[in-house]
Structure formats: structure tokens, C-alpha cells
Amino acid sequence: MNDDYYLSFLDLTQFGDRLAELRVQRGISARELSLSIGQNTHYINHIENHYTYPSMSTFFYICEYLNITPREFFDLDLDSPAVISNLNKHISEMSSVNQDLMVMLSLYLK
């Protein structure tokens, strides 16, 4: 199967819009992201303008650069996956007592 099969969970418009949303949240320019993943300066613009999907390997580089998992990329209900990922990392390093406190705090702030 070709790479596009795996990325077809979102159509080109949804995929490009999601990438733009996540990139902007991180304060990264399209040019910076393109160059950081080893592509030409307009590569991310082509994706965000709904012309193409990235290859699977490039998609993984994009996720890594944005500090999110592929699952978080495709979860459109998750507004700030990098924040959630960072929070999960810190919570997993806490004692069970502190984890319980974080749950209570999150319920209070809800």
C-alpha cells in the first residue's frame, strides 16, 4: 500500500488545516518546520494549502518536531496535544498521591 492510504483518515483539507493549527499553536513558521524536517522551504505550505500529504516517514518527523504522537495529530477533538502530552509526561513521573491530587485539581478547575 502507498503512504497516502495511511494518511487518508483525514482528507487533504482537514489534514492541512490540522497541521496549520498545531504548527501555529507552537509558534513555528511553515518555513522553519519545512527546513527542520529536511524539506524545501515551501513544503509545509503545500500541505497546509491542501495540495498533498507528506510521506509516512515525513509525517512522523512532523509529529516528532511538534512533540505530539500521530494519534494526537488525528484526534481533532484534542485542541492542544503538545500541552496534554507534556502534562501526561509530568503526571506519570509523580507519586500516586500527587497524581490523585492532580485529578482532584483538574475536576475543580473543570
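**Salt bridges, rings and core in a predicted model**

Trainee: Let me start with a charged residue: is Arg-23 buried or exposed?

Mentor: Arg-23 counts as buried, because its relative accessibility is 11% and the cut-off for that class is under 20%. Please keep in mind throughout that this is a predicted model.

Trainee: And which side chain does Arg-23 meet in a salt bridge?

Mentor: The partner is Glu-48, and the N to O distance in this salt bridge is 2.7 Å. Arg-23 belongs to helix 2 while Glu-48 belongs to helix 4, which spans residues 43–48, so the contact ties together parts that are 25 residues apart in sequence. Glu-48 is buried as well, with a relative accessible area of 10%.

Trainee: How many salt bridges turn up in the whole structure?

Mentor: The search finds three. Another one joins Arg-18 to Glu-21, with the closest N and O atoms 3.2 Å apart, and here both residues sit in helix 2, three residues apart, which is about one turn of the helix.

Trainee: Why would that spacing suit a pair inside one helix?

Mentor: In general, an α-helix has 3.6 residues a turn, so residues three or four places apart point the same way.

Trainee: What about burial for Arg-18 and for Glu-21?

Mentor: Arg-18 is buried, its relative accessible area being 2%, whereas Glu-21 is partly exposed at 32%.

Trainee: Which side chains form the salt bridge at 3.6 Å?

Mentor: Those are Lys-89 and Glu-93, with the 3.6 Å taken from N to O. Lys-89 is partly exposed, at 44% relative accessibility, and Glu-93 is exposed, with a relative accessible area of 55%.

Trainee: Switching to aromatics, how many pairs does the ring rule give?

Mentor: The count comes to eight aromatic pairs. One of them is Phe-15 with Phe-59, where the ring centres are 5.8 Å apart and the planes meet at 50°, so the pair is classed as tilted.

Trainee: Where in the chain do those two rings sit?

Mentor: Phe-15 is in helix 2 (residues 12–25) and Phe-59 is in helix 5 (residues 56–66), so the pair links distant parts of the chain, 44 residues apart. Phe-15 is buried, with 1% relative accessible area, and Phe-59 is likewise buried, with 1%.

Trainee: Which neighbouring residue pairs its ring with Phe-59?

Mentor: That is Phe-60, and the pair is tilted, with 5.9 Å between the centres and 50° between the planes. Phe-60 itself is partly exposed, its relative accessible area being 42%. Both rings also belong to one aromatic cluster, which is made up of Phe-15, Tyr-53, Phe-59, Phe-60, Phe-73 and Phe-74.

Trainee: Staying with helix 5, which of its residues are buried?

Mentor: The buried residues there are Met-56, Thr-58, Phe-59, Ile-62, Cys-63 and Leu-66. Looking down the axis of helix 5, they fall within an arc of 160°, so they line one face of the helix.

Trainee: What follows helix 5?

Mentor: Asn-67 comes next, and its phi is positive, near 60°.

Trainee: Now the largest nonpolar core: which members touch the most others?

Mentor: The core has 19 residues, and Leu-19, Ile-44, Ile-62 and Phe-73 touch the most other members. The elements that contribute two or more residues to this core are helix 2, helix 3 (30–36), helix 4 and helix 5, and the largest share, four residues, comes from helix 5.

Trainee: Last topic, the surface: which residues form a nonpolar patch?

Mentor: Val-97, Leu-101 and Met-104 form one, and together they have about 300 Å² of accessible area. Leu-101 lies in helix 8, residues 96–109, and counts as partly exposed because its relative accessibility is 45%.

Trainee: How far is Ile-84 from Met-104, in sequence and in space?

Mentor: They are 20 residues apart in sequence, and their C-alpha atoms are 17 Å apart in space. Ile-84 is located in helix 7, residues 81–92, and counts as partly exposed at 32% relative accessibility.

Definitions and conventions:
Residues numbered from 1 in each chain as written. Predicted model: local features only at pLDDT ≥ 70, side-chain atom pairs only at ≥ 80, totals over all residues. Heavy atoms only, no water. Patch = residues over 30% accessible without salt bridge, like charges linked within 9 Å, V, L, I, M, F, W, Y side chains within 5 Å. Areas by Shrake-Rupley, 256 points an atom, 1.4 Å probe, with all protein chains shown as cover. Salt bridge = Lys/Arg side-chain N within 4 Å of Asp/Glu carboxyl O. Buried < 20%, exposed > 50% of the residue type's maximum accessible area, 1.4 Å probe, protein only. Phe/Tyr/Trp six-rings, centres within 6.5 Å; stacked < 30°, edge-to-face > 60°. Arc of directions from axis to C-beta. Core = buried A, V, L, I, M, F, W, Y, C linked by side-chain atoms within 4.5 Å.
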